[in-house]
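Thanks for coming, everyone. Please bring the structure up on your screens. I'll walk you through a few places in turn.

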Amino acid sequence: MTRHDPADRASGFLKKNLETLPHKKRVDYLNQKLRGIIQYAYKNSIAFKNKMQSAGLKPKDIQTIKDLEKVPITKKADLVELQKKNPPFGGFEGVPISELKRIYVSPGPICEPGEMEYNELGWAQGMYAGGFRPGDIAINTFSYHMVPFALHMVDNSLLRNGCVVIPTGVGNTEQQVNILKTLKATGFCGTPSFLLNIAEKAEEMGFDLKKDLNLKVGFVAAEMLPESLRSKLEEKFGMVMRQSYGTADIGCLGYECLKKNGMHIPDDKIVEIVDPDTGKQLGPGKTGEIVATSFNKVYPMIRFGTGDLSIVTETPCPCGRTSPRLIKILGRVDQVTKVRGLFVHPGQVDEVASRYPQIEKYQVVVTRKEHRDEMTFRIELKGNLPPAEELKEGIEKGIREVMKVRGDVKFVPGGTIPEGARKIDDQRSWE
Ligand SMILES: [Zn+2]
């Protein structure tokens with residue numbers, strides 16, 4: 001068997017013309033795609049037409065990304081309800097069901113249509129940007145049953161990149177190791193924790209991960225990826241691993257390039273970061289909910305609320321791609337608390353705590369005193385270290401920097417913060 005190992009995984013683009021568009025041209029391009037899908041969906045998707053009519057809108061009212069603010073956001077829970085009333089897709093589909101290739105069923109339960117010709121760009125862009133190249137042989141360890149991710153999205157996107165797919169699916173770790181070895185597979189698609197299982201199993205079987213296996217590149221998704229786990233796996237296998245983010249309903253919404261500099265927004269989606277209370281767009285640098293719009297005529301999702309929080313940046317990326325990037329996924333909207341008018345979320349709490357190795361456990365408590373919000377960062381120190389004034393001041397500075405709101409640090413004895421406690425405990429009452 002010939003070994004394919006493309007020498008250059010770092011340069012080039014999957015769709016150079018789109019990926020390097022100057023900002024203004026990108027906005028023009030997206031606005032034009034938006035007008036097209038709004039017209040199409042209004043005519044062909046009964047659920048979208050209803051949503052527009054409920055807000056008193058006609059297609060001509062939506063000309064630009066800014067105009068999207070007028071369109072109500074569809075949340076996952078709305079989708080579940082509408083699908084219950086009008087199965088299988090709640091009227092969101094833009095083609096007759098007889099024209100589909102497959103129907104997928106995700107937890108919810110929630111159905112997703114599988115179109116005849118898979119045209120989504122995002123995941124494929126993510127694989128290319130993350131180093132997959134034609135000739136790679138990749139195991140796809142996501143689940144091929146029921147849900148659309150492995151079969152519809154990942155498999156098709158590997159093919160689009162000229163890769164050869166081994167559809168291994170989940171589990172059977174020992175067999176996966178043998179397949180990797182025998183077929184000299186260069187690519188891995190799956191969750192980072194499953195790749196860790198594979199690494200441990202292979203070592204247990206007496207293999208040298210670098211000499212006996214040939215993994216060079218990994219595409220991971222569907223799970224948070226701690227940097228420590230990434231570097232451990234990259235080091236063990238001698239590979240690069242990049243992550244992508246998205247949902248089964250709308251597809252890819254962000255992918256990392258080799259510069260590891262946040263997640264580029266793919267060119268076939270519009271991603272807004274909005275205030276979860278008002279649905280209004282927030283500019284770069286502000287934390288808000290990821291709301292996405294696709295141009296997929298089979299399933300035109302327009303203003304789909306992911307429930308995930310992020311921040312967008314438009315600063316240039318050294319990889320040469322000009323698309324805006326999601327800095328990272330910060331948590332879920334339903335875990336967000338507003339303190340003195342500003343959103344505070346568990347991801348920020350973690351970030352503050354991660355700066356101080358002395359911290360064992362922590363929790364933020366929000367209370368109200370004389371009509372003012374008060375935020376207390378409760379901290380248990382490792383080995384019951386004596387609390388130092390210097391450390392307290394340092395952490396309070398960290399809170400202001402990361403959370404943009406003032407909070408007091410209170411050191412509490414070990415065992416004070418209960419196991420499984422909410423990271424942000426909102427104790428305010430509003431009577
Ligand atoms: Zn980049």
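Four elements each supply at least two residues to the lining of the largest pocket: α9, β8, β14 (325–332) and α10 (346–354). Keep in mind that this is a predicted model. Which of these gives the most? That's β8, with five residues. The lining as a whole counts 39 residues. Look for E223, M224, L225, Q243 and I329, because those lie nearest the centre of the pocket. The space inside comes to about 1200 Å³.

Stay with Q243 for a moment. The side chain of E256 reaches its backbone nitrogen at 2.9 Å. So where does E256 sit? Find the loop between β9 (251–255) and β10 (263–264). Is E256 buried or exposed? Its relative accessibility is 5%, under the 20% cut-off, so E256 counts as buried. There is a second polar partner, R230: the two side chains make a polar contact of 2.7 Å. Beyond its close neighbours in sequence, meaning those up to four places away, E256 also touches G126, A129, G130, M241, R242, G262 and M263, among others.

Next, another acidic residue in a loop. D249 lies between β8 and β9. D249 has a relative accessibility of 5% and so counts as buried. What does its side chain pair with? K76, through a polar contact of 2.7 Å between the side chains. Setting aside residues within four places in sequence, D249 is in contact with K76, L79, I110, E112, Y299, M301 and F304.

On to the helices. Take α7 first, residues 173–182. Which of its residues are buried? T173, Q176, V177 and L180. Look down the axis of α7: these buried residues fall within an arc of 100°, so they line one face of the helix. What covers them? The cover includes β4 (137–140) and α8 (192–204). After α7 comes K184, with a positive phi near 50°.

Now α8. It has 13 residues. At 1.5 Å a residue, α8 should span 18 Å, and its end C-alpha atoms are 18 Å apart, so the two agree. Its buried residues are P192, F194, L195, L196, I198, A199 and A202. The cover over them includes β4, α7, β6 (187–190), β7 (217–220), α9 (227–237) and β8 (240–247). So α7 helps cover α8, and α8 helps cover α7. Just after α8, G206 takes a positive phi of about 90°.

Last stop, V147. This residue lies in the loop between β4 and α6 (149–160). How accessible is V147? Its relative accessible area is 22%, so V147 is partly exposed. Leaving out neighbours within four places in sequence, V147 is in contact with Y104, V105, S106 and P107. Now find A388. V147 and A388 are 241 residues apart along the chain, and their C-alpha atoms are separated by 52 Å.

To recap, go back to the pocket. β8 gives the most to its lining, and Q243 is among the residues nearest the centre. E256 reaches the backbone nitrogen of that residue. Thanks, and that's my tour.

Technical notes: Residues numbered from 1 in each chain as written. Predicted model: local features only at pLDDT ≥ 70, side-chain atom pairs only at ≥ 80, totals over all residues. Heavy atoms only, no water. Buried < 20%, exposed > 50% of the residue type's maximum accessible area, 1.4 Å probe, protein only. Polar contact = N/O pair within 3.5 Å; in protein donor to acceptor, adjacent residues only side chain to side chain. Contact = heavy atoms within 4.5 Å. Arc of directions from axis to C-beta. Expected span 1.5 Å × (residues − 1). 1 Å grid on protein atoms, 1.4 Å probe; cavity = no way out; pocket = protein on both sides within 12 Å on 5 of 7 lines; lining within 4 Å. Points joined across faces, edges and corners; volume = space filled by probe spheres on them.
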